[in-house]
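Dear colleague,

Please find the structure we discussed below. My notes on its strands and salt bridges follow.

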Amino acid sequence: MKLAVATKSHFFIEEDKIITRLFEEGLDYLLLRKSHPHPQYIERLLNLIPSKYHKKIFVCNYPRFSQEYKFAGRLINIDEETSSLPHIKGKIVSNSNNLQQLNELKEKYDIVYFGPLGRTFYQSAELNEYGKKVINKKVWAYGELDEKNLKKLSQYKFGGVILDKVLWEKFDACRSTDYGELINYFHKLQKIINKI
């Protein structure tokens, strides 16, 4: 099972160092998503991350950079027409929050992340017997995936996990430069995911 992390929606000072360290510790992929993506800030962040890790980054709506950097692929919205995107290299990733839609999208895209799944997602009606039939290796679980509900993933055939808020909560970007707690928590989740 692949392990990915989605970036926080805003930029912060230690971000490049944390991302680089996560890659060094075995992170498979990064989903680079920002609420207000100014090209200068995106470029600065990418230039601070060692180029050997660029091939493990999925980007969203930055076509200008796809010629300069060799990314893993591109994140697109489900309503975005892929035929109008001739410069897509690598895998195309989209998202879904319901199983009916997921069943259709997994035929169209290389990876579809399913969520956001809450901390009590395993009690959700979304993940029922039909979910066991629909979810396969092209589907990655996304959302507030902590230690308890990560273990529940083993009953489904997810191809990957995308960590988000649960991981970033371990670092206070406004008050600290010490991201040791975040890295330790990443290791803890990584061990659980490696056993699934």
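Two strands count as paired if DSSP finds at least two bridges between them. The model is a predicted one, and its strand pairings are as follows.

Strand β1 (residues 2-6) runs parallel to β2, with 3 bridges joining them. A6 has L31 of β2 as its bridge partner. Between these two strands the chain passes through helix α1 (residues 15-24), in a right-handed β-α-β crossover.

On to the next pair: β2 and β3 (residues 57-60) are also joined by 3 bridges in the parallel sense. Here L32 is partnered with V59 in β3. The connection from β2 to β3 goes through helix α2 (residues 39-48), and this β-α-β crossover is right-handed.

As for the side chains of β2 (residues 29-32), Y29 and L31 point one way, L30 and L32 the other, and all are buried.

The salt bridges number 6. Among them is E15 with K34, at 2.5 Å from N to O. E15 lies in helix α1 and K34 in the loop between β2 and α2, so this pair ties together parts 19 residues apart in sequence. E15 is buried at 1% relative accessible area, and K34 is buried at 10%.

Another is E14 with K17, whose closest N and O atoms are 3.7 Å apart. E14 is buried, at 10% relative accessible area, whereas K17 is partly exposed at 43%.

D172 and R175 also form a salt bridge, at 3.7 Å from N to O. D172 is partly exposed, with 33% relative accessibility, and R175 is exposed at 75%.

Regards

Conventions. Residues are numbered from 1 along each chain as its sequence is written. This is a predicted model: local features need pLDDT of at least 70, side-chain atom pairs count only at pLDDT 80 or more; totals for chains, interfaces and linings use all residues. Side-chain values use heavy atoms; hydrogens and water are left out. Buried means under 20% relative accessible area, exposed over 50%, partly exposed in between (1.4 Å probe, protein chains only). Helices (H or I, at least four residues) and strands (E, at least two) are DSSP runs, numbered from the N terminus. A crossover is right-handed if, with the strands pointing away from the viewer, the path from the first strand over the helix to the second runs clockwise. A salt bridge is a side-chain nitrogen of Lys or Arg within 4 Å of a carboxyl oxygen of Asp or Glu.
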